[in-house]
Amino acid sequence: MAKKTFKSAEVVSTSEGRQYHIGLAPGEVASNILLCGDPARAHRVAALFEKRGEPICSREYVTITGEYRGLPMTVMATGMGPDNTEIAFVELSGIVERPTFIRIGSSGALRRGIELADLVISTGAVRMENTSTSFVVEGYPAVAHHEVVLALLEAAAAKGFPYHAGLTATASGFYGAQARNVPGFPPRDAEIPAKLDRMNVANLEMETSCLFTLAQLSGARAGAVCAIYANRHKNEFIDSETKDLAERRCIDTGLAAFEALAAMDRARGGDKYWIPSMGM
């Protein structure tokens, strides 16, 4: 009896060429892509565009493409978690040539000296989630692209926002995976924040390591800037007014970083890498 083999499409799409989950087709997404979890945040980002199209909504994914200060720009809300990030990244990569991704998210502070409403620019990420292990081995590093890190640092500094740079830890959930001790749902490891702090990890969230891993795997540029909504040392959570301020800092930094990247790309010319002596 002949052995059966099974084949699957590399990227699942409809007969119209739309990606199955995100509902997008070639030409509907810019190469500059901001990723966030919250659909409402995507709408707030798009409100800053000088030009914008209608939102394209498919399942939990909300995508708006337009123009910001002369740059083609897309913002996508992916929903929460590394699994949603995986789907978005893979399907966007199937319809966009040479994409650059910047995550504009929220997170909790682990390292002392990082306060509510500060920004953390990720240089790399601790892979506590297991979505990325479906692609690479456990020891594979999840690192941001150096140009995106520099662009985010430039943007935050130019705007005078309080910011930090360092490692981000990515958990696969919000409660047990981040050692929140909710009555009736005790975490398996209550020492996760303290352990990460001892390793000099700056913040904790739910998407970045998957984004960085897939970007390294595919050769795309990617970075992340997260606003601090919680301080785990002080057991503080941000109030609504300060949350709005923190989110706007994060959004403005992400948008300005794309302007810095565009300047780097112009200065680079035909060279493979941008270096500071090239100017901006």
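The points below go through two helix packings and several single residues in this structure, which is a predicted model.

1. Helix α3. This helix covers residues 146-159, and its 14 residues reach 20 Å from the first C-alpha to the last, which is close to the 20 Å expected at 1.5 Å a residue. Its buried residues are Glu147, Val148, Val149, Ala151, Leu152, Ala155 and Ala156, so that a charged residue, Glu147, appears in the list alongside nonpolar ones. The cover over these buried residues includes the strands β6 (100-109), β7 (119-127), β9 (163-170) and β11 (221-231), together with helix α6.

2. The packing of α3 with α6. The axes of α3 and of α6, the latter made of residues 240-268, come within 8 Å and cross at roughly 125°, and the two helices are therefore oblique to each other. The crossing in which α3 passes α6 is right-handed. On the α3 side, the residues that take part are Glu147, Val148, Leu150, Ala151, Leu152, Ala155, Ala156 and Lys159, and they meet Asp252, Thr253, Gly254, Ala256, Ala257, Ala260, Leu261, Met264 and Arg268 on the α6 side. Sorted by character, the residues of this contact are 11 nonpolar, two polar and four charged.

3. The end of α3 and the loop that follows. Just after α3, glycine 160 takes a positive phi of about 75°. Phenylalanine 161 is found in the loop between α3 and β9, and it counts as buried because its relative accessible area is 18%, where the cut-off for buried is under 20%. Apart from neighbours within four places in sequence, phenylalanine 161 is in contact with Leu119, Ala156, Arg249, Asp252 and Thr253. Among these partners, Ala156 belongs to α3, while Asp252 and Thr253 belong to α6. Glutamate 50, by contrast, is 111 residues away from phenylalanine 161 in sequence and 23 Å away in space, C-alpha to C-alpha.

4. Helix α2. This helix, residues 82-93, has 12 residues and reaches 16 Å from its first C-alpha to its last, close to the 16 Å expected at 1.5 Å a residue. Pro82, Asn84, Thr85, Ala88, Phe89, Glu91 and Leu92 are its buried residues, and they pack against β1 (32-36), β4, β5 (71-77), β6 and α5.

5. The packing of α2 with α5. Helix α5 is made of residues 208-218, and its axis and that of α2 come within 9 Å and cross at roughly 30°. That angle makes α2 roughly parallel to α5, and the crossing is right-handed. The contact is made by Pro82, Thr85, Glu86 and Phe89 of α2 and by Cys210, Leu211, Leu214, Ala215 and Ser218 of α5. Six of the residues in this contact are nonpolar, two are polar and one is charged.

6. Glycine 223 in β11. This glycine has its place in strand β11, and it is buried, with a relative accessible area of 1%. Leaving aside neighbours within four places in sequence, its contacts are Phe101, Ile102, Arg103, Ala144, Val148, Leu152, Leu211 and Phe212. Of these partners, Val148 and Leu152 are also listed among the buried residues of α3, and Leu211 takes part in the contact of α5 with α2. Isoleucine 104 lies 119 residues from glycine 223 in sequence, yet the two C-alpha atoms are 9.0 Å apart in space.

7. Two arginines with positive phi. Most residues other than glycine have a negative phi, and a reader may wish to look at two loop residues with this in mind. Arginine 59, in the loop between β3 (56-58) and β4, has a positive phi near 55° and counts as exposed at 54% relative accessibility. Arginine 98, in the loop between α2 and β6, has a positive phi near 50° and is exposed, with a relative accessible area of 77%.

8. Glutamate 67 in β4. This residue belongs to strand β4, residues 61-68, and it is partly exposed, with a relative accessible area of 27%. Beyond its neighbours within four places in sequence, glutamate 67 is in contact with Phe49, Glu50, Lys51 and Met73. Its C-alpha atom is separated by 10.0 Å from that of asparagine 32, which is 35 residues away along the chain.

How values were computed:
Residues are numbered from 1 along each chain as its sequence is written. This is a predicted model: local features need pLDDT of at least 70, side-chain atom pairs count only at pLDDT 80 or more; totals for chains, interfaces and linings use all residues. Side-chain values use heavy atoms; hydrogens and water are left out. Axes are lines fitted to C-alpha atoms, for helices over the stretch in contact, and angles run from 0 to 180 degrees between N-to-C directions. Helices (H or I, at least four residues) and strands (E, at least two) are DSSP runs, numbered from the N terminus. Angles under 35 degrees count as roughly parallel, over 145 as roughly antiparallel, 65 to 115 as roughly perpendicular and the rest as oblique. A crossing is left-handed if the near helix is turned anticlockwise from the far one by less than a right angle, and right-handed if clockwise. Contact means heavy atoms within 4.5 Å. The expected span of a helix is 1.5 Å times one less than its number of residues. Buried means under 20% relative accessible area, exposed over 50%, partly exposed in between (1.4 Å probe, protein chains only).
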